[in-house]
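User: I would like to work through this structure by question and answer. Please begin with any term that I shall need.

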Amino acid sequence: MLKLDFHPAGRHFLQIPGPSPVPDRILRAMSYPTIDHRGPEFGALGLKVLDGIKKIFKTQQPVVIYPASGTGAWEAALSNTLSPGDHVLMFETGHFATLWKKMAESLGLKPEFLGLPGIEGWRRGVQPQMIEARLREDTQHAIKAVCVVHNETSTGVTSDIAAVRRAIDAAGHPALLLVDTISGLACADYRHDEWGVDVTVSGSQKGLMLPPGISFNAVSPKAIEAGKHAKLPRAFWDWTEIIEMNKSGYWPYTPNTNLLYGLSEALDMILGEGLDNVFARHDRLAEACRRAVRAWGLEIQCDDPSVYSPVLTGVMMPDGIDADAVRKVIYERFDMSLGTGLGKMKGRMFRIGHLGDCNDLTLMATLAGVEMGLQIAGVPVAASGLPAAMAFLMSQPNTPKLKAAA
Ligand SMILES: *Cc1c(COP(=O)(O)O)cnc(C)c1O
């Protein structure tokens, strides 16, 4: 990207599943001068974004905003609610679930990693009945938290968080429910309060269409109560003082002012479009993408249609083909970035992001770039995927504005 002596014509196609492209409107909002973070103007901004972000998480409870990437908010969720040596039950959905589990170990927790054998769990998402069975065995209530990833960005598989809640309740278990929806928020329906989630972790650079750099913990009264007894060391991540100062729109330290300008703009855009329209737009583009992949004769990483991700599609390569070599061709020839295979899927798949500021023609151009890259790289392709995607998009008009005007 940083070619100082050469700038390719047109926009780079950033079709990785986060960071997602940042709309010009948000970039412009972020270019306002940085203001005094203790002054009156800042308080108004703080209150606006803290209130607006609650609507995105569908919560009435506080949402803590950290000047950190999503990884920081993972740590905040664990360190604010748990104590050294606590048992936590995590579910292996993919690379991000694995990283969160590694973090839990580093912090001195005792994670237990449930999962399906091999890469099955990487293709099917959380199995709530396994969580229920494990919690039923834990009659002493040694397990203090259940941690799951809502949209596993390494695979393109979502998980049914309401079903995880029901599983915990069915087992009559008091464990906290901690959920990572770093890439799911503002792409797929998410209901922090209704689903009884205790801490929801999210980040700025995926569905919220912001650059990386801020992340979130939506909390429940039960999580705040747990925090009073939690003994993991924490200072920067401690949410107590932040929540207190946020009541007047301020932070105990210097917040990321310009990213908060961006967040304010993103909230206007997302809430202006309407969350349901945003989710429908994501579902529709994801379906068009999957139709193209099927027409190519390639396999979709997600093996359970009920949990297809609206955020990204994982495309598996036939045996003997290096997915990263295909990505390289596409990058070099068409100036487009696709997501690499992570962890167990390294070299075996690539990921097409279709989240955030993406429309029909962004997707069609993306699919055209992928199709040309597949052919150049010598990947056997059954047929063009473009007509399948186009036919679907044409058959399903997405014109909420025109509908509203009619
Ligand atoms: C992106 C992502 C992360 C990591 O967030 P960073 O901002 O890179 O720290 C964690 N979990 C999921 C599901 C993600 O998509």
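Analyst: A polar contact is a pair of N or O atoms within 3.5 Å. Please keep in mind that this is a predicted model.

User: How far is an oxygen atom of the ligand from an N or O atom in the side chain of Thr153?

Analyst: Thr153 is among the closest of the residues that surround the ligand. The pair to consider joins an oxygen atom of the ligand to an N or O atom in the Thr153 side chain, and the cut-off for a polar contact is 3.5 Å. The distance is 2.4 Å.

User: Which side chain has an N or O atom 2.7 Å from a nitrogen atom of the ligand?

Analyst: The value of 2.7 Å occurs with an oxygen atom of the ligand and the side chain of Gln205. The question, however, concerns a nitrogen atom of the ligand, and at 2.7 Å from that atom is an N or O atom in the side chain of Asp180.

User: How much of the accessible area of the ligand does the protein cover?

Analyst: On its own, the ligand has 380 Å² of accessible area. The share of this area that the protein covers is 88%.

User: Which helix gives the largest share of the shell around the ligand?

Analyst: The shell consists of 13 residues. By class, four are nonpolar, seven polar and two charged. The largest share, three residues, comes from the helix spanning residues 70-79, namely α3.

User: Are helices α10 and α11 roughly parallel or roughly perpendicular to each other?

Analyst: Helix α10 covers residues 257-273 and helix α11 covers residues 275-296; their axes are 5 Å apart. The helices pack at an angle of about 85 degrees, and angles of 65 to 115 degrees count as roughly perpendicular. The two helices are therefore roughly perpendicular.

User: Which residues in α11 are met by Ile270, Leu271 and Glu273?

Analyst: Ile270, Leu271 and Glu273 belong to α10. Across from them, in α11, are Leu275, Asn277, Val278 and Arg281. By class, this contact has four nonpolar, one polar and two charged residues. The α11 residues asked for are thus Leu275, Asn277, Val278 and Arg281.

User: What is the omega of the peptide bond from Gly18 to Pro19?

Analyst: Most peptide bonds are trans. Pro19 lies in the loop between β1 and α1. The bond from Gly18 to Pro19 is cis, and its omega is near -5 degrees.

Technical notes
Residues are numbered from 1 along each chain as its sequence is written. This is a predicted model: local features need pLDDT of at least 70, side-chain atom pairs count only at pLDDT 80 or more; totals for chains, interfaces and linings use all residues. Side-chain values use heavy atoms; hydrogens and water are left out. A residue is near a molecule or strand if one of its heavy atoms lies within 4 Å of it. A polar contact is a pair of N or O atoms within 3.5 Å; within protein, one must be able to donate a hydrogen and the other to accept it, and residues adjacent in sequence count only if both atoms are side-chain atoms. Accessible areas come from the Shrake-Rupley method with a 1.4 Å probe; for residues, only the protein chains shown count as cover. Helices (H or I, at least four residues) and strands (E, at least two) are DSSP runs, numbered from the N terminus. Ala, Val, Leu, Ile, Met, Phe, Trp, Tyr, Cys and Pro count as nonpolar, Asp, Glu, Lys and Arg as charged, and the others, Gly among them, as polar. Axes are lines fitted to C-alpha atoms, for helices over the stretch in contact, and angles run from 0 to 180 degrees between N-to-C directions. Angles under 35 degrees count as roughly parallel, over 145 as roughly antiparallel, 65 to 115 as roughly perpendicular and the rest as oblique. Contact means heavy atoms within 4.5 Å.
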